[in-house]
Amino acid sequence: MNLQELPFNILRMGYIEFQVCDLERARDFYVDVIGFFESARTADSVYLRCTEDREHHSLILRKADRPGVGHFAFKVAGEQDLDALEAMYRGLGCVTRWHASGEMHAQGRTLMVQDPLGFPVGFYAAMEPVEWLLQKYHLHRHGVPTRLDHVNVLTPDAQKGYEWYASLGFLPAELTESSPPESRIWASWLYRKATVHDIAVMTGNGPAVHHAGFSVLGP
C-alpha cells in the first residue's frame with residue numbers, strides 16, 4: 001500500500017514500560033546512575049523522561065512480581081488515527097482495549113492491542129507536555145539520556161515481522177537476509193521518525209523484547 005493511502009499516521013516510538021520487582025531500586029538506577037528525569041510517580045509506577053522530551057514520559061517503571069516489559073507504545077498524529085488503527089486491528093481479529101483520556105497517567109485516549117506478532121502495543125495521540133530540559137545544562141547528570149531511540153524485538157519469523165511493520169507505514173533503513181535459495185529477511189531496522197530506526201525486528205525466540213535503546217550524550 002502506498003504510504004499516502006494508509007488511514008493512519010504513526011509518528012514515532014513513544015515510550016516503553018519496564019516491569020520491575022524493586023521500584024525504588026530501579027528508580028535510583030535510572031535517575032541517579034543513568035541520569036533520567038523523574039516526571040511523576042504513583043503508588044506502583046515511576047515516570048521518567050530524557051532531556052529532549054517535550055512529553056511527560058518515555059520510560060515507565062512499574063512494580064510487578066516478575067521483571068519484564070509491560071508494553072511499548074507509538075505516538076500517532078491525531079485522534080482519528082487511533083480509531084483507524086483500532087478498526088484495522090479488530091478486522092484482523094486482534095484483541096483491542098481502550099483507555100479513556102487520563103486513565104493512563106498523563107496520557108490522552110490510548111489504544112492497547114495484542115498485535116499479530118504477539119506483542120502488547122499501545123498507541124496514543126496526546127500526552128501532557130513538560131518542561132524541555134535540553135538547555136537546562138545545570139540539571140544534566142551522568143550519561144544524560146536525550147531520547148528514546150528504538151525498541152528491538154525478537155520473533156521467530158522476522159520476514160513476517162518486517163512485512164507487518166511495512167504494512168503500518170514503516171520504512172526499512174537496513175535489512176539482512178538468510179543465504180539463498182531461501183533469501184528470507186533475518187532482521188530489519190525500520191523507521192518512522194528521521195532516525196535510523198524506531199523498531200528493529202530480529203529472528204529469535206519470541207515474542208520478546210530484546211532491548212530499548214536510548215540516545216545519550218555520554219559522561
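**Largest pocket and open sheet**

In this predicted model, the largest pocket holds about 200 Å³ of space. Strand E1 (10-20) and strand E9 (145-155) are the elements that each give two or more residues to its lining. The largest contribution comes from E1, which supplies 3 residues. The full lining of the largest pocket consists of Arg12, Met13, Gly14, Glu52, Asp53, Arg54, Glu55, His57, Ser58, Arg147, Leu148 and Lys193. By residue class, this lining comprises 7 charged, 3 polar and 2 nonpolar residues.

Strand E1 also belongs to an open sheet of 8 strands, arranged in the order E2-E3-E4-E1-E5-E8-E7-E6 with mixed pairing. The edges are occupied by strand E2 (37-41) and strand E6 (96-99); each has a single partner strand, so one side of each lacks a neighbour in the sheet. On average, neighbouring strands of the sheet are turned by 25° against each other, with direction ignored.

At the E2 edge, the pairing is with strand E3 (residues 45-49): the two strands run antiparallel and are joined by 4 bridges. Within this pair, Phe37 is placed opposite Arg49 of E3. Towards the other end of the strand order, helix H2 (residues 79-91) lies across four strands, namely strand E5 (68-76), E6, strand E7 (110-114) and strand E8 (120-124). The helix runs at about 155° to E6, the strand that stands at an edge of the sheet.

Methods:
Residues are numbered from 1 along each chain as its sequence is written. This is a predicted model: local features need pLDDT of at least 70, side-chain atom pairs count only at pLDDT 80 or more; totals for chains, interfaces and linings use all residues. Side-chain values use heavy atoms; hydrogens and water are left out. On a 1 Å grid over the protein atoms alone, a cavity is a set of points where a 1.4 Å probe fits but cannot get out, and a pocket is an open set with protein on both sides within 12 Å along at least five of seven lines; lining residues have an atom within 4 Å of a point. Grid points are joined across faces, edges and corners, and a volume is the space filled by probe spheres set on the points. Ala, Val, Leu, Ile, Met, Phe, Trp, Tyr, Cys and Pro count as nonpolar, Asp, Glu, Lys and Arg as charged, and the others, Gly among them, as polar. Two strands pair if DSSP finds at least two bridges between them. Axes are lines fitted to C-alpha atoms, for helices over the stretch in contact, and angles run from 0 to 180 degrees between N-to-C directions. Contact means heavy atoms within 4.5 Å.
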